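Biologist: I would like to learn how to read a sheet in a model like this one. Could you walk me through it?

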Amino acid sequence: GATSILRFISGASDGIAFGGTDAITFTDAGSGDTLVGGGGDTTATLSGAGGLFVGNAGGATVSGSGLGDTLAGGSGGSNFRLTAAVSGGVMFGGAGAATMVDAGTQDTLLGAAGTTAVTLSGAHALYFGGSGAGTVSVSGTNATLVGGGNSSVFEFGGGASGGVAFGGVN
């Protein structure tokens, strides 16, 4: 099938876009827009403030760089990234496996039902493990990590400071 391309340009606000059954590419520079993935693989770039991406059946590769962006996985695998420009962002793993990279400030992450791999390099991140196994690598400051319903591996590496970790419930 074909790949559909949907764009919200700078100045657009409060729009809603839905993916179809094929692959979709979203570009969102507007504010307060909602993007819903489709049945095929979804690629999305959010750069406006308050963007919301919700995954669907297909896999999702999404990058957010807007203030307060929210990325939520669907039943397919998720590959999410919040850049250093993000503050107050949220990432939710979906039913599939998830890879999350967070360089922002004061962001909140919730692991997936599948295996979750997280890299935290920003400041004041809050991570809650999901029902799947989780591995979190921290090089940022003041991260708080809470284990989920499966095995959790938390690693505080070079550059990490002020981190706190709590084991999960297995």
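Modeller: Gladly! Two strands count as paired if DSSP finds at least two bridges between them. Keep in mind that this model is predicted. Here, nine strands form an open sheet with parallel pairing, in the order 1-3-5-7-9-11-13-15-17.

Biologist: Which strands stand at the edges of the sheet?

Modeller: Strand 1 (4-8) and strand 17 (152-156) do; each has a single partner strand, so one side of each is left without a neighbour in the sheet. Neighbouring strands of this sheet are turned by 5 degrees against each other on average, direction ignored.

Biologist: Over how many bridges do strand 7 and strand 9 pair?

Modeller: Over five, in the parallel sense, between residues 60-64 and residues 78-82. Among them, Val 62 has Phe 80 in strand 9 as its bridge partner.

Biologist: And which residues touch the most other members of the largest nonpolar core?

Modeller: A nonpolar core joins buried residues through side-chain atoms within 4.5 Å. In this one, which has 27 residues, they are Leu 35, Phe 53, Val 62, Leu 71 and Leu 120. Strand 7 and strand 9 are among the elements that give two or more residues to this core. Leaving aside residues up to four places away in sequence, Phe 53 touches residues including Leu 35, Val 62, Leu 71 and Phe 80.

Biologist: What does the radius of gyration tell us about the whole protein?

Modeller: For 170 residues, a compact globule would have a value near 15 Å, and the protein's 16 Å agrees with that. The C-alpha trace spans about 45 × 30 × 20 Å along its principal axes, and 42% of the residues count as buried.

How values were computed. Residues are numbered from 1 along each chain as its sequence is written. This is a predicted model: local features need pLDDT of at least 70, side-chain atom pairs count only at pLDDT 80 or more; totals for chains, interfaces and linings use all residues. Side-chain values use heavy atoms; hydrogens and water are left out. Helices (H or I, at least four residues) and strands (E, at least two) are DSSP runs, numbered from the N terminus. Axes are lines fitted to C-alpha atoms, for helices over the stretch in contact, and angles run from 0 to 180 degrees between N-to-C directions. Buried means under 20% relative accessible area, exposed over 50%, partly exposed in between (1.4 Å probe, protein chains only). Contact means heavy atoms within 4.5 Å. The radius of gyration is taken over C-alpha atoms; the globule rule is 2.2 Å times the number of residues to the power 0.38.
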